[in-house]
Amino acid sequence: MTVDPRETVFTIPTSHRAAVVDAPGGKVQIKTVKTPQPSELARGEVLVRVIYSGICHTDLHAAINDWPVSAQFPLIGGHEGAGVVVSLGPGADEFVKIGDRVGIKWLADSCLHCGFCRAGNEPNCTKAQTHGFSRAGSFQEYAVSSARHVTPIPDSLPLDAAAPLLCAGVTVWKAIKNADLTPGQTVAIVGSSGGLGHLAVQYAKSAGLRVIGIDTGAEKEALSKSLGVDHFVDFMKAGKDLVSAVKAASADGLGPDAAIVAASSADSYEQAIDYIRPTGVLVPVGLPPAASIKLDVFWSVFNTKRVIPSYVGNRQDAIEALQIAANGSVKVIYKRQGLSELPEIYDRMHKGQVAGRIVVDCSL
């Protein structure tokens, strides 16, 4: 693997470029901001030179402020940052050293002392902080993070390929773990060729699962099959027969053992409840606005169907997700652009014109 020469440059400038949204619903602008200096880092903090950052739809939601909770403005978004540690605050050397390749993910910090943290549910900590939402994220050349929460990136994994895994990869890997399946069981992945779904297919196959991909169109079918799905169901062609089509794609016709909805479609949740088999589990991941899941109490109890929402992974989940990719079992499909192109990328995302993942080079 060719090492990016920027990974060995640890000088700290007085200012750097960042993509800033000044107010809710405002336009993203590329601005020059002050670079935190070593003496300004608090205990346990690190300064990371962000070389690449993935872009997630959460970043757009935060900028346009259409979630039930609001981000902190002015906002520097981004939570899929990949770079190197260039400075340490007091006590940070317990976790990292200068020159370490690390990832900046959604979870920026948590207390690590409460019941949630002790049980590995760090994202649910009441004191949790999040990159690109409650604190400045990775859409900048230098970012401050918590030493105990940055994720080590394996040396064999290029930084641009690692970036999308820090949210999309961790999220779907955690969803697969939450489904609690065993090798040979079947999972349906809704949106199997999308930014989340194409990774979910690969992580599921690496775990020994049979995969039913659900998406639409010949191109998406070809991509899903190239990733290893065992069966593909085109939801547009299936139409009202989608539930029976998915059940028919399972080995015994009773439906998959789990469904992971990686698409932002409210209808997908209603359908998944119907086509998973008795004792099956629905794992919500995609976040359609103002959507709800309706359950028939009698039949959900009678068939022992479960709904286990999956948020994002913890520190260990992130390490696992990156290591699986470093081992060659998962490859991200992405396009690389420059940070200066983020305003145009946001416009295309808002119009639904972006397919797959985009990674920005924070120096361009």
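This is a short tutorial dialogue on reading features of a predicted model.

Trainee: Let's start with the rings. How many aromatic pairs does the structure hold?

Mentor: There are five aromatic pairs. For any pair, look at the centre distance and the angle between the planes. Trp-173 and Tyr-203 make a tilted pair, with 5.7 Å from centre to centre and 35° between the planes. Trp-173 belongs to helix 4 (residues 168-179) and Tyr-203 to helix 5 (residues 197-206), so this pair links distant parts of the chain, 30 residues apart. Both Trp-173 and Tyr-203 are buried.

Trainee: And Phe-298 with Phe-302: what kind of aromatic pair do they form?

Mentor: A stacked one, at 5.5 Å centre to centre and 15° between the planes. Planes under 30 degrees apart count as stacked. Phe-298 and Phe-302 are about one helical turn apart because they sit four residues from each other in helix 10 (residues 297-302). Phe-298 and Phe-302 are both exposed. Ring pairs also bring in Trp-299, giving a cluster of Phe-298, Trp-299 and Phe-302.

Trainee: Now the salt bridges. How many does the structure hold, and where should I begin?

Mentor: The structure holds 20 salt bridges. Begin with Arg-6, and check both partners and burial. Arg-6 bridges to Asp-4, with the closest N and O atoms 2.8 Å apart, and the side chain of Arg-6 also meets Asp-361 at 2.7 Å, N to O. Arg-6 comes in the segment before strand 1 and Asp-361 is in strand 18 (residues 357-361), so this bridge ties together parts 355 residues apart in sequence.

Trainee: Are those three residues buried or exposed?

Mentor: Buried: Arg-6 has a relative accessible area of 15%, Asp-4 is at 15%, and Asp-361 is at 7%. Arg-6 has another contact, too: Arg-6 lies over the face of Tyr-52, 5.4 Å from the ring centre.

Trainee: Which salt bridge should I look at next?

Mentor: Try Asp-257 with Arg-277, at 3.6 Å, N to O. Asp-257 is in the loop between helix 8 (242-249) and strand 14 (258-261), and Arg-277 is in the loop between helix 9 (266-275) and strand 15, so the bridge ties parts 20 residues apart in sequence. Asp-257 counts as buried at 16% relative accessibility, and Arg-277 is buried with a relative accessible area of 16%. Bridges can also join up: Lys-174, Lys-177, Asp-317 and Glu-320 are linked in a network.

Trainee: On to sheets. In what order do the strands run in the open sheet of six?

Mentor: Read across the sheet, then check the direction of pairing. The order is 13-12-11-14-15-16, with parallel pairing. Strand 13 (231-234) and strand 16 (306-307) are the edges, each pairing on one side only. Four bridges join strand 12 (residues 210-215) to strand 13, and Asp-215 has Asp-234 in strand 13 as its bridge partner.

Trainee: What about the open sheet of three strands?

Mentor: That one has the order 2-1-4 with antiparallel pairing. Its edge strands are strand 2 (28-34) and strand 4 (75-76). Two bridges join strand 1 (residues 15-21) to strand 4, and Val-20 stands opposite Ile-76 in strand 4.

Trainee: Last one: which residues make the nonpolar surface patch of about 210 Å²?

Mentor: Ile-293, Leu-295 and Val-307 make the patch. Leu-295 sits in the loop between strand 15 (281-284) and helix 10, and at 41% relative accessibility Leu-295 counts as partly exposed.

Notes:
Residues are numbered from 1 along each chain as its sequence is written. This is a predicted model: local features need pLDDT of at least 70, side-chain atom pairs count only at pLDDT 80 or more; totals for chains, interfaces and linings use all residues. Side-chain values use heavy atoms; hydrogens and water are left out. Rings of Phe, Tyr and Trp (its six-membered ring) pair if their centres lie within 6.5 Å; planes under 30 degrees apart count as stacked, over 60 as edge-to-face and the rest as tilted. Buried means under 20% relative accessible area, exposed over 50%, partly exposed in between (1.4 Å probe, protein chains only). A charge sits over a ring if NZ of Lys or CZ of Arg is within 6 Å of the ring centre and within 35 degrees of the ring normal. Patches are made of residues with over 30% relative accessible area and no salt bridge: like charges are joined within 9 Å, nonpolar side chains (Val, Leu, Ile, Met, Phe, Trp, Tyr) within 5 Å. Accessible areas come from the Shrake-Rupley method with a 1.4 Å probe; for residues, only the protein chains shown count as cover. A salt bridge is a side-chain nitrogen of Lys or Arg within 4 Å of a carboxyl oxygen of Asp or Glu. Two strands pair if DSSP finds at least two bridges between them.
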